[in-house]
Amino acid sequence: MANSGFQLLGYFLALGGWIGIISTTVLPQWKQSSYAGDAIIMAVGLYEGLWMSCASQSTGQVQCKIFDSLLSLDIHIQTCRALMVISVLMGFIGIIVSVVGMKCTRVGDNNPATKGKIAVAGGGLFLLAGLCTLVSVSWYATQVSVHFFDPNTPLNARYEFGSALFIGWAAACLTILGGSFLCCSCANEARGGQQYYRQSQPSTAREAELLSETSFPD
């Protein structure tokens with residue numbers, strides 16, 4: 001029962017992380033215009049994400065423009081796009097596989113060993129999804145930092161970390177933690193089953209010996 005609760009905890013953590021990955025992918029606030037130093041505070045705030053760039057005016061009006069060309073984008077944006085899409089897909093597959101493999105469900109094979117292996121596979125997919133998200137968000141943040149501290153970058157053209165990056169880091173940690181819980185719970189269950197089997201062997205042999213002595217007395 002404890003393993004079932006551990007699996008459920010890992011599953012819901014990974015599910016929350018996957019929802020955060022989707023939010024990070026679609027949000028345009030991966031970087032935002034900076035007003036640090038002597039930068040002139042403008043009435044328009046600039047935001048940029050993986051798919052579009054937006055301009056927010058002081059009146060509250062927001063205008064966004066989707067990137068027209070894929071090949072004209074910087075290589076890190078293209079790579080981060082691919083990694084985030086892969087993360088979303090692997091997380092979706094991990095959700096389905098984990099549901100089949102958890103002990104509390106009656107979906108698929110009822111063999112505990114088989115369900116444990118399936119749950120480990122789902123946890124592994126969550127781990128990979130979290131790692132892809134972590135790499136994507138960290139790489140993008142590194143590029144923002146490099147351009148911010150570059151002396152050749154004009155003050156009014158510098159960007160800082162957007163809210164989507166922090167959501168991405170949190171989502172990656174939740175997904176990795178949930179996938180680890182799924183993998184560890186199934187590993188503990190497999191070790192417990194092997195230990196029980198080894199402990200039951202001497203008693204079985206003793207029962208067979210007693211039966212033989214009873215059937216064939218001296």
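Two strands pair if DSSP finds at least two bridges between them. Keep that cut-off in hand for this predicted model.

**Exercise 1. The β2–β3 pair**

Find how many bridges join β2 to β3, and what links the two strands.

*Solution.*
1. Locate the strands: β2 covers residues 44–48 and β3 covers residues 52–57.
2. Count the bridges: five join them. The cut-off is at least two, so β2 and β3 pair.
3. Check direction: the two strands run antiparallel.
4. Trace the link: a hairpin of three residues joins β2 to β3.

**Exercise 2. Across the strands through A55**

Identify the partners of A55 in β2 and β4.

*Solution.*
1. Start in β2: L46 has A55 of β3 as its bridge partner.
2. Move to β4, residues 62–66, which is antiparallel to β3 and joined to it by five bridges.
3. Read across from A55: Q63 stands opposite in β4.
4. Inspect the turn: the β3–β4 hairpin has four residues between the strands, and G60 there takes a positive phi near 100°.

**Exercise 3. The nonpolar cores**

Determine which elements build the largest nonpolar core, and where I77 makes its contacts.

*Solution.*
1. Size the core: the largest one has 16 residues. Those with the most contacts inside it include W30, I77 and Y140.
2. Assign elements: α2 (75–101), α3 (112–149) and α4 (163–215) each give two or more residues.
3. Rank them: α3 supplies the largest share, four residues.
4. Follow I77: beyond its neighbours within four places in sequence, I77 contacts E48, L50 and Y140.
5. Look elsewhere: another core, of seven residues, lies apart and includes Y11, A14, W18 and M102.

How values were computed
Residues numbered from 1 in each chain as written. Predicted model: local features only at pLDDT ≥ 70, side-chain atom pairs only at ≥ 80, totals over all residues. Heavy atoms only, no water. Core = buried A, V, L, I, M, F, W, Y, C linked by side-chain atoms within 4.5 Å. Buried < 20%, exposed > 50% of the residue type's maximum accessible area, 1.4 Å probe, protein only. Contact = heavy atoms within 4.5 Å.
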